[in-house]
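Work through the exercises below with the model open. Try each task before you read its solution.

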Amino acid sequence: MDCIFCQIVAGEVPSQILYQDEELIAFPDIKPLTPTHVLIIPKKHIPSLLHLSEADLPVIGHMVNIANQLAKSEGISQSGYRLVLNCGNDAGQIVPHIHMHLLGGRRLLDVFD
Ligand code: AMP
Ligand code: ZN
């Protein structure tokens, strides 16, 4: 498996695991765009939102729940944060293993302004 995120799940690529359970792991983005930039991923290899089956849908709620908990533990829950799931080329998805970005720690001024 040459998926970088599967390799992190397997412990073959080192990362600072901020959270883990039987279904998910969370770790800091290697090139943070914001002071807090954490990735939350399912352990299961799902290439993108387009590959989510109905049976996989609960994992997205689980990812949101863990992202909310991490926003609190990282100290950005009151200042505000953004959860992002990029799908495909125009969205800038570069890693083909579904992941949620938790972004915060500064004002996020871009497409929403
Ligand atoms: P995306 O553009 O949505 O596919 O985001 C992929 C993210 O994964 C980027 O922000 C990268 O900086 C990040 N990334 C790639 N490789 C690693 C790694 N080994 N550890 C942590 N983050 C990574
Ligand atoms: Zn993978």
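**Exercise 1. The nonpolar cores**

Task: find which residues of the largest nonpolar core touch the most other members.

Solution. Start with the terms. A nonpolar core is a set of buried Ala, Val, Leu, Ile, Met, Phe, Trp, Tyr and Cys residues joined through side-chain atoms within 4.5 Å. Buried means under 20% relative accessible area, exposed means over 50%, and partly exposed lies in between (1.4 Å probe, protein chains only).

Step 1. The largest core has 17 residues, and L24, V38, I40, I60, M63, L70 and L102 touch the most other members.

Step 2. Assign the members to elements. Helices (H or I, at least four residues) and strands (E, at least two) are DSSP runs, numbered from the N terminus. β2, β3, α2 (57-73) and β5 each give two or more residues to this core. The largest share, seven residues, comes from α2.

Step 3. Look for another core. A second, separate one has nine residues, including I8, F27, L39 and V95.

Step 4. Place this in context. In soluble globular proteins, nonpolar side chains tend to be buried together.

The model is predicted: local features need pLDDT of at least 70 and side-chain atom pairs count only at pLDDT 80 or more, while totals for chains, interfaces and linings use all residues. Residues are numbered from 1 along each chain as its sequence is written, chains are lettered from A and ligands numbered from 1 in the order in which they are written, and side-chain values use heavy atoms, with hydrogens and water left out.

**Exercise 2. The contacts of V38**

Task: list what V38 is in contact with, leaving aside its neighbours within four places in sequence.

Solution. Contact means heavy atoms within 4.5 Å. The list for V38 is L18, A26, F27, P28, D29, L70, M100, H101 and L102. One of these, P28, is also the bridge partner of V38.

**Exercise 3. The sheet**

Task: give the strand order of the open sheet and say which strands stand at its edges.

Solution. Two strands pair if DSSP finds at least two bridges between them.

Step 1. The five strands run in the order β1-β2-β3-β5-β4, with antiparallel pairing. β1 (19-20) and β4 are the edges: each has a single partner strand, so one side of each lacks a neighbour in the sheet.

Step 2. Count bridges. β2 and β3 pair over five. β3 and β5 also pair over five. β4 and β5 pair over four.

Step 3. Check the register. I40 has M100 of β5 as its bridge partner. L39 stands opposite H101 in β5. Y81 is bridged to G104 of β5.

Step 4. Test burial. Seven of the seven residues of β3 are buried. T36, V38, I40 and P42 lie on one side of β3, with H37, L39 and I41 on the other. In β5, five of the five residues are buried, so the strand is largely enclosed by the rest of the structure. M100, L102 and G104 point one way from β5, and H101 and L103 the other way.

**Exercise 4. Two loop residues**

Task: decide whether P35 and S48 are buried or exposed.

Solution. Take P35 first. P35 sits in the loop between β2 and β3. Its relative accessible area is 60%, so P35 is exposed. Beyond its neighbours within four places in sequence, P35 is in contact with G104, G105 and R106. The C-alpha atoms of P35 and L103 are 7.9 Å apart, across 68 residues of chain.

Now S48. S48 is in the loop between β3 and α2. Its relative accessible area is 6%, so S48 is buried. Leaving aside neighbours within four places in sequence, S48 is in contact with C87, Q93 and I98.

**Exercise 5. The largest pocket**

Task: describe the lining of the largest pocket by position and class.

Solution. On a 1 Å grid over the protein atoms alone, a pocket is an open set of points with protein on both sides within 12 Å along at least five of seven lines; lining residues have an atom within 4 Å of a point.

Step 1. The lining has 31 residues, with D29, L33, H37, L39 and H101 nearest the centre.

Step 2. α1 (4-9) supplies the largest share, three residues.

Step 3. By class, 18 residues are nonpolar, eight polar and five charged. Here Ala, Val, Leu, Ile, Met, Phe, Trp, Tyr, Cys and Pro count as nonpolar, Asp, Glu, Lys and Arg as charged, and the others, Gly among them, as polar.

Note on methods: 1 Å grid on protein atoms, 1.4 Å probe; cavity = no way out; pocket = protein on both sides within 12 Å on 5 of 7 lines; lining within 4 Å.
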